[in-house]
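Student: I would like to learn how to read a fold from its coordinates. Where do we start?

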Amino acid sequence: MVGGTALRILVRALYPEDAAAWHHLQLGIYREQQWFVGDTPPPVEALSRKLLAVDASHDLYLGALAGGVLVGWLELHRYTTPRLSHVAVLTLAVALPYRRRGLGRRLLQEAYRWARRAGVEKLQLNVRAANLAAQGLYQTEGFVQEGCEARQIRQGDRYEDNLLMAKFL
Ligand SMILES: CC(C)(COP(=O)(O)OP(=O)(O)OC[C@H]1O[C@@H](n2cnc3c(N)ncnc32)[C@H](O)[C@@H]1OP(=O)(O)O)[C@@H](O)C(=O)NCCC(=O)NCCS
């Protein structure tokens, strides 16, 4: 039961054994066809390999679990090039039935803690221009628009801009 009750959410690092659940969560988000640019998530094995290869000073994979089920994730990847290593790129998504319950904000706040500890100063992300929910969250969290790639995404005969947003910690 999602609506009406207080959700007990656990936010923790993702591990290789979470790969199948992570794939399942991503499948749901990709099926909505509005938020990401690709059509399908990486296979379970590829996700498992990513989680095995985590470099703790550069990568963060966080999951939000409701009743033990993975319903949200955030990832941050810091550039390895020294002159860019104060910057990390962020991806975030929450399963449709769990949206607007504070999970996105909670994942972000956990990510800020990791980033500050790791010496990251700037978080950067891409968001589709039509994705007003994500922009709403990022704006209330202090992200500002830094750029716009005009007509960067083409879906059939429709084009959409890609926005670059960032927050200094
Ligand atoms: C964007 C996303 C991660 C937000 O997650 P969420 O858990 O629903 O967000 P939260 O509940 O923490 O929302 C916090 C605040 O963000 C803003 N916000 C969130 N969803 C919003 C919406 N649909 N419309 C307007 N503002 C919204 C609000 O200010 C909200 O605070 P409020 O609920 O007190 O008004 C979620 O909508 C999602 O996963 N979307 C699909 C994938 C995606 O777009 N990922 C981001 C790609 S850049």
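Student: In what order do the elements of the protein run from the N terminus on?

Tutor: Remember that this is a predicted model. Start with the string of elements. Here that string is β-α-α-β-β-β-α-β-α-β-β. The count comes to four helices and seven strands.

Student: How do I read the overall dimensions?

Tutor: Set the radius of gyration against the globule rule. A compact globule of 169 residues would have a value near 15 Å, and the protein has 16 Å, which agrees. Along the principal axes, the C-alpha atoms fill a box of roughly 40 × 40 × 35 Å.

Student: What is the order of the strands in the sheet?

Tutor: Read across the sheet, not along the chain. The order is S1-S2-S3-S4-S5-S7-S6, in an open sheet of seven strands with mixed pairing. S1 (9-13) and S6 (144-155) are the edge strands, each pairing on one side only. On average, neighbouring strands of this sheet are turned by 25° against each other, direction ignored.

Student: Which helix packs on the sheet, and which strands does it touch?

Tutor: Helix H3 does, touching S1, S2 (59-66), S3, S4 and S5. Its direction makes about 35° with that of S3.

Student: In which sense do S3 and S4 pair, parallel or antiparallel?

Tutor: Go through the bridges pair by pair. S3 (residues 69-78) and S4 are antiparallel, over seven bridges. One partnership to find on screen joins Gly72 to Val94 in S4. S4 and S5 are parallel, over three bridges. There, Val87 has Lys122 in S5 as its bridge partner. S6 and S7 (residues 158-168) are antiparallel, over eight bridges. Gly147 is bridged to Leu164 in S7.

Student: What handedness does the unit of S4, H3 and S5 have?

Tutor: For a β-α-β unit, follow the path from strand over helix to strand. S4, H3 and S5 make a right-handed one.

Student: Which elements each supply at least two residues of the shell around the ligand?

Tutor: Map the shell back onto the elements. S4 (87-94), H3 (103-118), S5 (122-128) and H4 (132-140) each do so. H4 gives the most, with six residues.

Student: Which residues come nearest to the ligand?

Tutor: Arg99, Gly104, Ala133, Gly136 and Leu137 do, out of the 21 residues around the ligand.

Student: How do the shell residues divide by character?

Tutor: Sort them into classes. The shell holds 12 nonpolar, five polar and four charged residues.

Technical notes
Residues are numbered from 1 along each chain as its sequence is written. This is a predicted model: local features need pLDDT of at least 70, side-chain atom pairs count only at pLDDT 80 or more; totals for chains, interfaces and linings use all residues. A residue is near a molecule or strand if its C-beta atom, placed from the backbone, lies within 6 Å of it. Ala, Val, Leu, Ile, Met, Phe, Trp, Tyr, Cys and Pro count as nonpolar, Asp, Glu, Lys and Arg as charged, and the others, Gly among them, as polar. Two strands pair if DSSP finds at least two bridges between them. A crossover is right-handed if, with the strands pointing away from the viewer, the path from the first strand over the helix to the second runs clockwise. Axes are lines fitted to C-alpha atoms, for helices over the stretch in contact, and angles run from 0 to 180 degrees between N-to-C directions. Two residues are in contact if their C-beta atoms, placed from the backbone, lie within 7 Å. The radius of gyration is taken over C-alpha atoms; the globule rule is 2.2 Å times the number of residues to the power 0.38.
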